[in-house]
Amino acid sequence: MRVEEGKPTPLGASWDGLGVNFALFSVHATKVELCIFSEDGTEELERIELPEYTDEVWHGYLPDARPGIVYGYRVHGPYDPLNGHRFNPNKLLLDPYAKAIVGSLKWDNILFGYQIGHPDGDLSYDDRDSAPFMPKCRVVDTAYTWGRERKPDVPWDKTIFYETHVKGFTQRHPLIPENLRGTYAALGQPAIVEYIKSLGVTSVELLPVHFFIDDKYLLDKGLVNYWGYNSVGFFAPDPRYSATGKIDEFKEMVARLHDAGIEVILDVVYNHTPEGNEKGPTICFKGIDNKTYYKLLPGNERYYINDTGCGNTFDLTHGRVIQLVTDSLRYWVEEMHVDGFRFDLATILGREGWGFNENGGFLNSVRQDPVLARVKLIAEPWDIGLGGYQVGHFSPGWAEWNDRFRDTVREYWKGDSGKLPELASRMTASGDLFNKSGRRPWASVNFITAHDGFTMHDLVSYNEKHNWENGEEGRDGSNDNASWNHGHEGPTMDQGVVELRERTKRNFLATLMFSQGTPMLLAGDEFGRSQNGNNNTYCQDNEINWLDWEGITDEGRLQVEFVRRLIVLRQKFPVLRRNRFFTGQWNPELGVKDVTWLSPGGGDMPESAWTDPNSRCVGIMFDGRAQASGVKKYGTDVTALLIINSYHDVVRFKLPETVGGTHWQLFVDTNQPSLVRPVKFPFGHWYDVTGRSLLLFALGGAGTSVVREAEKVIEDLVERPIPIGFDEEEELP
């Protein structure tokens, strides 16, 4: 092919309508060869030396190239591991900016830059060609007609995340054609979109979809990296989830979800790559410019800093690495129309030479970026490095997974003593952690379960993890789960145990939805999905992880409807999702206290009760008249009363008298899952709160039209149950 000088920007392979420009950053390379392959990637057809080097970027332009061309790179330079350099042109490399990937990696010793088994280890040199074992890159035309698609832009205070997996969510769904199951196309199918919309969640959070590599040690055991936290193609949707092999399939999925008002959030992994440490393969960054892309041990650059536990750490202190990641993020926002990102091991992103810095280079770069600053940014605020736990310490504008909410709520409902004081903080958006620098309650992403750990059903069914299928003799996965099997390990026919487990799940779900902050629900928890006690299913691409739609029980269907009602109440009663922290302080100008903590006697919770480790029952009254913004005026929300009781027996609770209404209306009692129409109770009524249960009352009386609206919506839900799976009389596609 003819080659011209081309341009150093943009990085990657860019089709301009006439030809393709190739640009690859490398500080220390001495030569870069572009390798052109056959359409299926099996035969190398041509090598072209990129003719120009400008501002540390190698570049060239092929006027005869077109979208669809398959390529890779060979990068020349010093092979000097002791000084951090691992160039080896015998190893074909992926383009860090590749927007589509062809084929998959086939593990072989030839993929390594050194000779496996050589006495010198990684200091040795392997001169065999790795191309036959490598995936390849494909040039794409990113043009796509989005039509009437519009981003939902769900306000933070109304956001409810729904964490799921592209394949696991649809692989066993009976209304999805078999050839589409487990794909992006399946997530855009009407049956899936309608279910998610009817459930009431607003934002689907997908486990990693960037192109990733299955670990060799897993493949050797007949397992795979199911979760996908091993990314190497930061611009390319992983083709294993594609029914068509085209990136437009992902875009169509996004468009269909957006059309239903549902956001798409991507879980992204920019903290490490599958190239591992000095003993890992050479497939991309290690061979392009190892010393730039990875954090190496000062004074001994043969070795890698491992703050991730995955062998290496991406160097987000280097300007060009920051550029790669921010370019990737912008691409997914502008070209793929996603609505936000959840960052795996996000402390890495703010690590400078001396430790975590909320004003670090990458975090500041994102904060000032006009594209990225307007999407949802969620941090997993920890890593395994020194000072890695940073919950509450990210910059304003970021939300954070709040594991302290998870742990406290689990422990409280398990019946642990002395948990009320911390529960008070967790249910009011953890103001002790987040109420600073103008941050809002939504910064606390509250969750009880996530992909990593027990499902909610297993949380109430197992005291111990059961991970034998993972091939590590049960050693993997956390031993600290704050779970409780309610008297029997695993499945049981004991109705007493089953009923208590079901109530505890309802307690978890109601606590999640009625707490201040942003709730995140794990897909399948709404109907009681089980992983058979496995709390680390990262390697299980099978029925353990795939949602069993046809196996949903009658109890599961009832629980789905219960979750729908919880979500309706959260959305209809803004006092449950305030955009301002509750403090419990008296406002002398308005004569209102925003939140009041009540003892079972109906009065203010005395200090002695807070310090009593045996206190397990409390009322929480969120006053709808409280100031809702910086403007000093009365709020117009409904006043809500939560009563929570983790004691094992009934507690009599006196319903308090308060301003603005005439009575209380009971909307939720987790001991009455079939309660669908609110029940009126007068002020001063002594309510028998069942042991281990939660109640939600709304203030009734004059001026409470919102309460009536909520009643009407819930009545409509009863008339139109959520579509789940299929009924026998329905015809499958």
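Partly exposed residues are those whose relative accessible area falls between the buried limit, under 20%, and the exposed limit, over 50%. Keep that in mind for the first view; the model shown throughout is predicted.

**View 1. Glu56 and its positive phi.** Here we look at Glu56, which sits in the loop joining strand E5 (52-54) and strand E6 (57-62). Its phi is positive, about 70°, even though Glu56 is not a glycine. Most residues other than glycine have a negative phi. With 34% relative accessibility, Glu56 lies between the two limits and therefore counts as partly exposed.

**View 2. His486, a buried loop residue.** This close-up moves to the loop between helix H12 (456-459) and helix H13 (495-514), where His486 is found. His486 is not a glycine, yet its phi is positive, near 60°. Because its relative accessibility is 7%, His486 counts as buried.

**View 3. A cis peptide bond ahead of strand E1.** Look for the link from Thr9 to Pro10: this peptide bond is cis, and its omega is near -10°. Most peptide bonds are trans. Pro10 itself belongs to the segment that precedes strand E1 (12-15).

**View 4. Helix H5 and what covers it.** Helix H5 runs over residues 248-259, twelve residues in total, and spans 16 Å from first C-alpha to last, close to the 16 Å expected at 1.5 Å a residue. Its buried residues are Glu249, Phe250, Lys251, Met253, Val254, Ala255, Leu257 and His258. Among the elements covering these buried residues are three helices, H2 (184-187), H3 (190-199) and H7 (319-334), along with two strands, E13 (203-206) and E16 (263-268). Follow the chain just past H5 and you meet Gly261, with a positive phi of about 80°.

**View 5. The largest nonpolar core, and another one apart from it.** The largest nonpolar core contains 180 residues, and Tyr195, Phe341, Phe343 and Phe514 have the most contacts inside it. Helix H7 supplies the largest share of this core, eight residues. Apart from this core lies another, made up of 20 residues that include Phe434, Trp442, Ala443 and Ala450.

**View 6. The surroundings of Phe514.** Our last stop is Phe514, one of the residues with the most contacts inside the largest nonpolar core. Setting aside neighbours within four places in sequence, Phe514 is in contact with Leu566, Leu569, Leu576, Phe622, Leu642, Val668, Leu694 and Leu696.

Notes:
Residues numbered from 1 in each chain as written. Predicted model: local features only at pLDDT ≥ 70, side-chain atom pairs only at ≥ 80, totals over all residues. Heavy atoms only, no water. Helix = DSSP H or I, 4+ residues; strand = E, 2+ residues; numbered from the N terminus. Expected span 1.5 Å × (residues − 1). Buried < 20%, exposed > 50% of the residue type's maximum accessible area, 1.4 Å probe, protein only. Contact = heavy atoms within 4.5 Å. Core = buried A, V, L, I, M, F, W, Y, C linked by side-chain atoms within 4.5 Å.
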